[in-house]
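Subject: The structure we talked about

Dear colleague,

I am passing on the structure below, so please open it beside this message and follow along as you read. My notes come after it, and they go from the sheet outwards.

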Amino acid sequence: MKIAIAADHAGYDLKEKLKQSFASIDWLDLGTHSEESVDYPAYGFAMGQAITDGRARLGIVICGSGIGISIAANRYAAVRAALCANATMARLSRQHNDANVLALGSRIIGLDVARDCVGAFLDTPFEGGRHQRRADMLATPER
């Protein structure tokens, strides 16, 4: 399964370390490719487009706080990006919300917690059942 990953300059180092830690994953690296300053929305939008186009079913986005890049990714209707600060949040984001993008803050959590989050996110299926109706509501909000 191809997993997309994207980060701005603040998340670049964590992105690279996560790719190494999960070397068996077929990564679709959407950038950035250095610590040179870039604009996080571009990488959140790249993730949104990759999920929308079906180039990846799941993704990980990283910026300093995780907030900005998750907002950018969530601008795409196909994306349900969840900002997580621990493995429990990552597990529940998949299990209850059918999140398809994990957002991490490189200045908020360390490498070990990030690894735990990624592992929980990738290993947890959507539970469906009573959560399906709510996930459906997220896909088609009433206006």
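Let me begin with a single pair of residues: Ile-62 has its bridge partner in β5, and that partner is Leu-104. Please keep in mind throughout that this is a predicted model.

**The sheet**

The pair belongs to a broader pairing, in which β3 and β5 run in the parallel sense and are joined over five bridges. On another side of the pattern, β3 (residues 58–63) is also joined by five bridges to β1 (residues 2–7), and these two strands again run parallel. If you would like to trace this pairing residue by residue, you can start with Ile-5, whose bridge partner in β3 is Ile-60, and then go on to Ala-6, whose partner in β3 is Val-61. As background, the strands of a sheet pair through backbone hydrogen bonds, in either a parallel or an antiparallel way.

Taken as a whole, the sheet is open and has five strands, which follow one another in the order β2-β1-β3-β5-β4 with parallel pairing. The edges are held by β2 (26–29) and β4 (81–83), and because each of them has a single partner strand, one side of each is left without a neighbour in the sheet. Neighbouring strands are turned against each other by 25° on average, if direction is ignored.

How many residues of β3 are buried? The count is six of its six residues, so that the strand is mostly covered. In a regular strand, the side chains alternate between the two faces of the sheet. In β3, both faces are covered, with Leu-58, Ile-60 and Ile-62 buried on one side and Gly-59, Val-61 and Cys-63 buried on the other.

**The nonpolar cores**

Helix α5 (residues 111–123) lies across β1, β3 and β5 (101–105), and its direction is at about 170° to that of β5. In soluble globular proteins, nonpolar side chains tend to be buried together. The largest nonpolar core here has 23 residues, and the members that touch the most others are Leu-18, Ile-60, Leu-102 and Leu-104. At least two residues of this core come from each of β1, α1, β3, β5 and α5, and α5 gives the most, with five residues. Apart from this core lies another one, of 17 residues, which includes Ala-4, Leu-28, Met-47 and Val-61.

Leu-102 is a good residue to select on your screen, since its contacts can be listed one by one: leaving aside neighbours within four places in sequence, Leu-102 is in contact with Gly-59, Ile-60, Val-61, Ala-82, Cys-84, Ala-90, Cys-117, Val-118 and Phe-121.

**The cysteines**

A disulfide is a covalent bond between the sulfur atoms of two cysteines. A search of the whole structure finds zero disulfides. Why does Cys-84 not form such a bond? The closest cysteine sulfur to that of Cys-84 is in Cys-117, at 6.1 Å, which is too far for a bond. For Cys-63 the closest cysteine sulfur is in Cys-84, at 13 Å, so a bond is ruled out by distance there too. Cys-84 is buried, with a relative accessible area of 4%, and Cys-63 also counts as buried, at 4% relative accessibility.

**Charged side chains**

Side chains of opposite charge can pair when their charged atoms come close. Ten salt bridges are found in a search of the whole structure. One of them joins the side chains of Lys-17 and Asp-13, at 2.9 Å from N to O; both residues lie in helix α1 (residues 12–21), four residues apart, which is about one turn of the helix. Lys-17 is partly exposed, with a relative accessible area of 34%, and Asp-13 is partly exposed as well, at 35%.

Lys-15 and Glu-16 also meet through their side chains in a salt bridge, at 2.8 Å from N to O, and Lys-15 counts as buried, at 0% relative accessibility. Salt bridges that share partners join Lys-15, Glu-16, Lys-19 and Asp-29 into one network. Elsewhere, Asp-98 forms a salt bridge with Arg-94, with the closest N and O atoms 3.1 Å apart, and Arg-94 is buried at a relative accessible area of 6%.

With best wishes

Key. Residues are numbered from 1 along each chain as its sequence is written. This is a predicted model: local features need pLDDT of at least 70, side-chain atom pairs count only at pLDDT 80 or more; totals for chains, interfaces and linings use all residues. Side-chain values use heavy atoms; hydrogens and water are left out. Two strands pair if DSSP finds at least two bridges between them. Axes are lines fitted to C-alpha atoms, for helices over the stretch in contact, and angles run from 0 to 180 degrees between N-to-C directions. Contact means heavy atoms within 4.5 Å. A salt bridge is a side-chain nitrogen of Lys or Arg within 4 Å of a carboxyl oxygen of Asp or Glu. Buried means under 20% relative accessible area, exposed over 50%, partly exposed in between (1.4 Å probe, protein chains only). A nonpolar core is a set of buried Ala, Val, Leu, Ile, Met, Phe, Trp, Tyr and Cys residues joined through side-chain atoms within 4.5 Å. A disulfide is a pair of cysteine sulfur atoms within 2.5 Å.
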